[in-house]
Amino acid sequence: MRRVLLFIVLLTNLASVCSGKELREVIVSHADEQGILQLFRMKEDGSDSLQLTHSDRGCRMPACSPDGKKLVYAQLVNHSLSLWLSDIDGKNPRALTSDGMNLLPSWLSDSRHIVWMKSQRGEKRQDPTSNSQIRLMNTETGESRRLFSDPEQIKFSDAMPSVSPDGKRVAFVSNRSGTFRVWVSNLDGSDAKPISATQDQDENLKLPIEQKVPAWSPDGKWIAHWEGVEMIHMSQFTGFKNPKRDQQISATFHVWVVGSDGKNRRKVGRGDDPTWSPDGYVTRAFPDPQRGGPKVMIETAVSYTHL
C-alpha cells in the first residue's frame with residue numbers, strides 16, 4: 001500500500017531541541033548521493049549535516065530513545081525490513097530483527113524497550129496494516145513478544161503503535177470497529193477505545209475514511225494522526241486511470257490533533273506523517289522529489305514554517 005510506503009520514505013523525527021534561539025537538531029531519512037535513503041543528523045535549516053548510516057538498500061523510520069543515547073530504525077535487508085539499533089551518532093549498529101516487515105518502532109520511557117508493527121505478508125497491493133500485530137522487545141536482551149494477548153483483541157489487526165511519554169498508554173490503529181481508527185489503551189491492551197471520532201466515509205467519493213500514524217505530544221496531552229481516503233483506491237493500485245479521482249483522494253489527506261481524552265479535535269492542515277517537535281508543535285510532511293526527501297512543515301505559535 002503506497003501511502004504507508006511513502007510514509008516509510010518520508011518520515012522525519014525531531015531528535016532534540018536546543019535551548020534559547022539556537023536551531024533545533026533533527027534526524028531525517030533522506031536520499032544520499034546515490035539516491036539511497038540514509039539517516040542524517042542536521043540542524044533544522046539543513047546545516048551541519050552528518051550522515052549516520054551507510055546502507056546498501058536504505059534506512060528509514062528513525063526513533064530516538066528518551067534518554068537521547070540510542071537510535072532505532074528500519075533497514076531494508078534482502079527482502080525484509082528489519083529493525084536496527086545504534087548509538088545516537090550511528091555507531092555500533094546491530095540488528096534487532098532479521099525477517100519480515102517490521103515498521104514504526106516506538107520507545108518506551110525506560111529507553112530499553114520498544115514496540116513496533118510487524119506486518120504479515122499478503123497480496124502485493126495489500127495495505128500492510130490490514131494483517132499486522134504489535135510487538136514488544138527488550139533491546140538489551142532481544143526478548144520479544146506480542147504486546148496484546150487477549151484472545152478478543154488479537155482477532156483484529158493492530159498496527160502503528162506510539163507509546164505515551166509516561167510509558168503507561170499506547171496509541172495504535174485497529175480495524176476493531178470496521179474501518180481503521182486510532183485507538184488508545186493501557187500498555188497491556190486493557191481499556192481500549194477509539195479516540196478521534198470522524199465520519200465513516202467521504203461524502204463525494206463514497207470511500208471509507210481511515211486514520212493512521214498516531215503520534216503523542218511530548219506532554220502526553222494530545223495525539224496527532226493522519227486521516228483520509230487510502231491510496232489503495234488510486235489509479236496506480238486499481239489499474240484504472242482516473243486522474244480526477246486521484247486528485248480528489250489526495251485532497252482528503254490531512255493531519256488532525258485530538259486530546260488524549262478524545263476531546264478538542266482539530267484539523268492541523270493538509271499533509272501526512274505527523275510528528276511533534278520537543279517543544280510541542282506538530283509537524284507534517286509532503287513529498288518533494290526535487291529535494292530527495294520530504295518537505296516538512298512545523299506549526300509555530302502564530303502560523304507554520306518549513307524545516
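Two aromatic pairs are found in this structure, which is a predicted model. One of them joins tryptophan 226 and phenylalanine 253 in an edge-to-face arrangement, with 5.4 Å centre to centre and 70° between the planes. The angle exceeds the limit for that class, since planes over 60 degrees apart count as edge-to-face. Tryptophan 226 belongs to strand 18, while phenylalanine 253 sits in the loop between helix 3 (243-250) and strand 19; the pair therefore ties together parts that are 27 residues apart in sequence. Both rings belong to buried residues: tryptophan 226 has a relative accessible area of 0%, and phenylalanine 253 has one of 11%. Each value meets the criterion for burial, because buried means under 20% relative accessible area.

The strand that carries tryptophan 226 leads to the sheet around it. Strand 18 (residues 222-228) and strand 19 (residues 254-259) run antiparallel and are joined by six bridges. Within this pairing, tryptophan 222 has glycine 259 of strand 19 opposite it. The two strands are part of an open sheet of four strands, ordered 17-18-19-20, in which the pairing is antiparallel. Strand 17 (210-216) and strand 20 (266-270) are the edge strands, and each pairs on one side only. From one strand to the next, the twist averages 25°.

A second open sheet precedes this one in the strand numbering. Its four strands follow the order 13-14-15-16, again with antiparallel pairing. At its edges stand strand 13 (158-163) and strand 16 (193-194); each has a single partner strand, so one side of each is left without a neighbour in the sheet. Between strand 14 (residues 169-174) and strand 15 (residues 181-186), six bridges hold an antiparallel pairing. There, valine 173 stands opposite valine 182 of strand 15.

Strand 10 offers a further case of antiparallel pairing, with strand 9 and with strand 11. To strand 9 (residues 101-107) it is joined by five bridges, and asparagine 102 has lysine 118 of strand 10 as its bridge partner. The hairpin of strand 9 and strand 10 has five residues between the strands, and serine 111 in this hairpin takes a positive phi near 55°. With strand 11 (residues 132-138), strand 10 pairs over seven bridges. In that pairing, tryptophan 116 is opposite arginine 135 of strand 11.

How many residues of strand 10 are buried? Seven of the seven residues in strand 10 (residues 113-119) are buried, so the strand is largely enclosed by the rest of the structure. In a regular strand, side chains alternate between the two faces of the sheet. In strand 10, His113, Val115, Met117 and Ser119 point one way, and Ile114, Trp116 and Lys118 point the other way. The residues of both sets are all buried. Lys118, the bridge partner of asparagine 102, is thus listed among the buried residues, as is Trp116.

The last feature is an internal space. The structure holds one cavity of 30 Å³ or more, and the largest cavity has a volume of about 30 Å³. Its lining consists of Gln133, Ile134, Arg146, Phe148, Ile154 and Asp158. By type, the lining residues of the largest cavity divide into three nonpolar, one polar and two charged. Strand 11 (residues 132-138) supplies Gln133 and Ile134 to this lining, and Asp158 is in strand 13 (158-163).

Conventions. Residues are numbered from 1 along each chain as its sequence is written. This is a predicted model: local features need pLDDT of at least 70, side-chain atom pairs count only at pLDDT 80 or more; totals for chains, interfaces and linings use all residues. Side-chain values use heavy atoms; hydrogens and water are left out. Two strands pair if DSSP finds at least two bridges between them. Axes are lines fitted to C-alpha atoms, for helices over the stretch in contact, and angles run from 0 to 180 degrees between N-to-C directions. On a 1 Å grid over the protein atoms alone, a cavity is a set of points where a 1.4 Å probe fits but cannot get out, and a pocket is an open set with protein on both sides within 12 Å along at least five of seven lines; lining residues have an atom within 4 Å of a point. Grid points are joined across faces, edges and corners, and a volume is the space filled by probe spheres set on the points. Ala, Val, Leu, Ile, Met, Phe, Trp, Tyr, Cys and Pro count as nonpolar, Asp, Glu, Lys and Arg as charged, and the others, Gly among them, as polar. Buried means under 20% relative accessible area, exposed over 50%, partly exposed in between (1.4 Å probe, protein chains only). Rings of Phe, Tyr and Trp (its six-membered ring) pair if their centres lie within 6.5 Å; planes under 30 degrees apart count as stacked, over 60 as edge-to-face and the rest as tilted.
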